[in-house]
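Visitor: I should like to go through this structure with you by question and answer. Please bring it up so that we may begin.

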Amino acid sequence: MKKTVILPVVLWALANPLAATIPPTGQIHAGWAITSITPKQPVALAGQFYKRISQKVESPCMATVLALETRTGDQSLEQAIMVSCDLVFVADSLQPRLRKMLAGRLPGFDLKKLFLNATHTHSGPVTHAMDWYTVNDAGVMKPASYVDFMLQKIAAAIEQAWKNRAPGGVGWGLGHAVVGSNRRMVYRSPQGQPPFGGGTAAMYGRNNIPAFLSMEGSEDTGIEMLFFWNDKNELTGCVLNIACPSQVRESARYVSSDFWGKVRKEMAKRHGASVFVLPWCGAAGDQSPHVQYRKGVEARMRKLRGDLAADVVIAQRIMNAVDTALLAVKKDIRNEVPFGHHVETLQLPKRMVTRPEKEWAQARVESLLAKPEGKRTSSEESHLRWNQHVLNRYREQQTNPKFAMELHVLRLGDVAVATNPFELFLDFGLRMKTRSLAPQTFVVQLACSTGWYLPTVKAAAGGGYSAIIQSCIVGPEGGDVLVNRTVELINAMWTK
């Protein structure tokens, strides 16, 4: 009788080695560092189809580092180093180069347990120009030189954070603030022409016309929070996970860390300059900090409050939520917690380019190539390369049908953290959170590399920018694989 009950369980556990991976409990050690990744020279700014050159620095782009380790006595049990960068995305080459630079410089640290993420500011330096812009302007720092500068600064900050780690405590909580709005509008009938039109949905589409029906997807006001204290119970920093990219100032011609720069200033004002903020952008491929309705009323209220900029208002909302949560969370500081960190390469099915999609992209490429290179605008150059990428994928998709992504899943106390490289539509993140056995789940998008947008079934059917083939390497089917594997790995850390 005993064999018939236990043997299937044992066999299943052997076939699924993560089925019994509740991590060990140890004393939490944390180390912080922050560095400016803003150069003195002008740079090309990432985030739009047209080239912009910075004319000043409105607020510096930063890289914030948190090094974590659990220990029992002199034995290290688990570790992680997380680096949040004020960039539009993490270019594919950045994380591998950084790991090579750090080889031998972090005694006792496993470099595969390092990951970068981007806050998605649209006013940060370009790190990979070839896909979008030609940056050869006089006096402007070239993207390759900028990347060298940036990685050197980040590597030094990582070394500092790793050396700074010290015993302390951790706590987790939840707050609420209105930051993101769903930016995809749904209509009764197709609007406009391809590629941005021709479907029944549009990013930033008009909603003051009779054809408008609704916002396409969900919104999330929650702010997932992690707080850290030193051994004197003094607050050292916090991780804030918000389902919204930081792109209030997305068309600016200056360097800006957007609302996260204002959050850092407000944190320093309220809690002291030594308290760190590490931003994580949650699943937010269809979210925006730009309000989609009541725009006039919002503008009036900012003016009545003193002509406050929208990102300043957002920062105040975030910090009000932080302070409210902190009052409760500091009653439950944990010095010893379970800590696990799993890293793997996940293969996702690519979104296949159809023949009509290929033919449309081909026609657009030929039309743009008919214009002499020196006569094309930076926007036309970007669209040329954007559509050429579709043609390249069409040729290669049968022999290379998978997209490889690095996936990190962590457990820290009652908190699960899961990364992905996409501008992941919010509903995928909500599916992870609702199916997770963790009491609280953080989803970190734009991490490790570049995955472009990952839309839902509804969005792909509706079309429009962010959901068409030019915007997506991986489609809804790949999103399902990502959700299922992420949930499986999280739940393995809570299941005996």
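**Salt bridges, strands and rings**

Guide: Arginine 317 has a relative accessible area of 28%, so this residue is partly exposed. Please bear in mind that the model is a predicted one.

Visitor: Which residue meets arginine 317 in a salt bridge?

Guide: The two side chains come to 3.6 Å, N to O, and a salt bridge allows up to 4 Å between such atoms. The partner lies in helix H5 while arginine 317 lies in helix H6, so the pair ties together parts 19 residues apart in sequence. With a relative accessibility of 23%, this partner counts as partly exposed. The residue is glutamate 298.

Visitor: Which residues form the nonpolar patch on the surface?

Guide: One member of the patch lies in helix H5, which spans residues 295–304. That member, valine 297, is partly exposed at a relative accessible area of 48%. Together the patch residues have about 280 Å² of accessible area. They are Val297, Met301 and Leu304.

Visitor: How many residues apart in sequence are aspartate 323 and arginine 270?

Guide: These two form a salt bridge, with 2.8 Å between the closest N and O atoms. Aspartate 323 belongs to helix H6 (residues 310–329) and arginine 270 to helix H4, so the bridge ties together parts that are separate in sequence, by 53 residues.

Visitor: Is arginine 270 buried, partly exposed or exposed?

Guide: Its relative accessible area is 31%. The partly exposed class runs between the 20% limit for buried and the 50% limit for exposed, so arginine 270 is partly exposed.

Visitor: Are arginine 264 and aspartate 86 buried or exposed?

Guide: Their side chains meet in a salt bridge of 2.5 Å, N to O. The pair links distant parts of the chain, 178 residues apart: arginine 264 is in helix H4 (residues 258–271), and aspartate 86 is in the loop between strand E5 (75–85) and helix H2 (94–102). Both residues are buried.

Visitor: Which residues are linked in a network of salt bridges?

Guide: The structure holds 26 salt bridges. In the network, salt bridges link Glu58, Arg249, Lys262 and Asp311.

Visitor: With which strand does E17 pair over 11 bridges?

Guide: Strand E17 (residues 402–412) is mostly covered, with 9 of its 11 residues buried. Within E17, leucine 412 is the bridge partner of phenylalanine 339. The pairing over 11 bridges is antiparallel, and the partner, covering residues 336–349, is strand E16.

Visitor: What is the phi of glycine 413, in the turn between E17 and E18?

Guide: E17 and strand E18 (residues 415–419) pair in the antiparallel sense over 4 bridges, and leucine 412 stands opposite valine 415 in E18. The two strands form a hairpin with 2 residues between them. The phi of glycine 413 is positive, at about 65°.

Visitor: Which residues is threonine 456 in contact with, leaving aside its neighbours within four places in sequence?

Guide: Threonine 456 sits in the loop between strand E21 (453–454) and helix H10 (457–462). A relative accessible area of 13% makes threonine 456 buried. Its contacts are Phe425, Asp427, Phe428 and Pro476.

Visitor: Is the pair of tryptophan 32 and phenylalanine 228 stacked, tilted or edge-to-face?

Guide: The count of aromatic pairs comes to 17. For tryptophan 32 and phenylalanine 228, the ring centres are 5.9 Å apart and the planes stand at 75°. Planes over 60 degrees apart fall in one class, so the pair is edge-to-face.

Visitor: How many residues separate tryptophan 32 and phenylalanine 228, and are they buried or exposed?

Guide: Tryptophan 32 is in strand E1 (residues 25–36) and phenylalanine 228 in strand E12 (residues 222–230), so the pair links distant parts of the chain, 196 residues apart. At 6% relative accessibility tryptophan 32 counts as buried, and at 1% phenylalanine 228 also counts as buried.

Visitor: Which phenylalanine forms a stacked pair with tryptophan 32?

Guide: The ring centres in this pair are 5.4 Å apart, with 5° between the planes. The pair links distant parts of the chain, 244 residues apart, with the partner in strand E14 (residues 276–281). The partner is phenylalanine 276.

Visitor: Which residues do ring pairs link into a cluster?

Guide: A pair of aromatic rings is described by the distance of the centres and the angle of the planes. The cluster linked by such pairs consists of Phe49, Phe196, Trp386, Tyr453 and Tyr465.

Methods
Residues are numbered from 1 along each chain as its sequence is written. This is a predicted model: local features need pLDDT of at least 70, side-chain atom pairs count only at pLDDT 80 or more; totals for chains, interfaces and linings use all residues. Side-chain values use heavy atoms; hydrogens and water are left out. Patches are made of residues with over 30% relative accessible area and no salt bridge: like charges are joined within 9 Å, nonpolar side chains (Val, Leu, Ile, Met, Phe, Trp, Tyr) within 5 Å. Accessible areas come from the Shrake-Rupley method with a 1.4 Å probe; for residues, only the protein chains shown count as cover. Buried means under 20% relative accessible area, exposed over 50%, partly exposed in between (1.4 Å probe, protein chains only). Two strands pair if DSSP finds at least two bridges between them. Contact means heavy atoms within 4.5 Å. Rings of Phe, Tyr and Trp (its six-membered ring) pair if their centres lie within 6.5 Å; planes under 30 degrees apart count as stacked, over 60 as edge-to-face and the rest as tilted.
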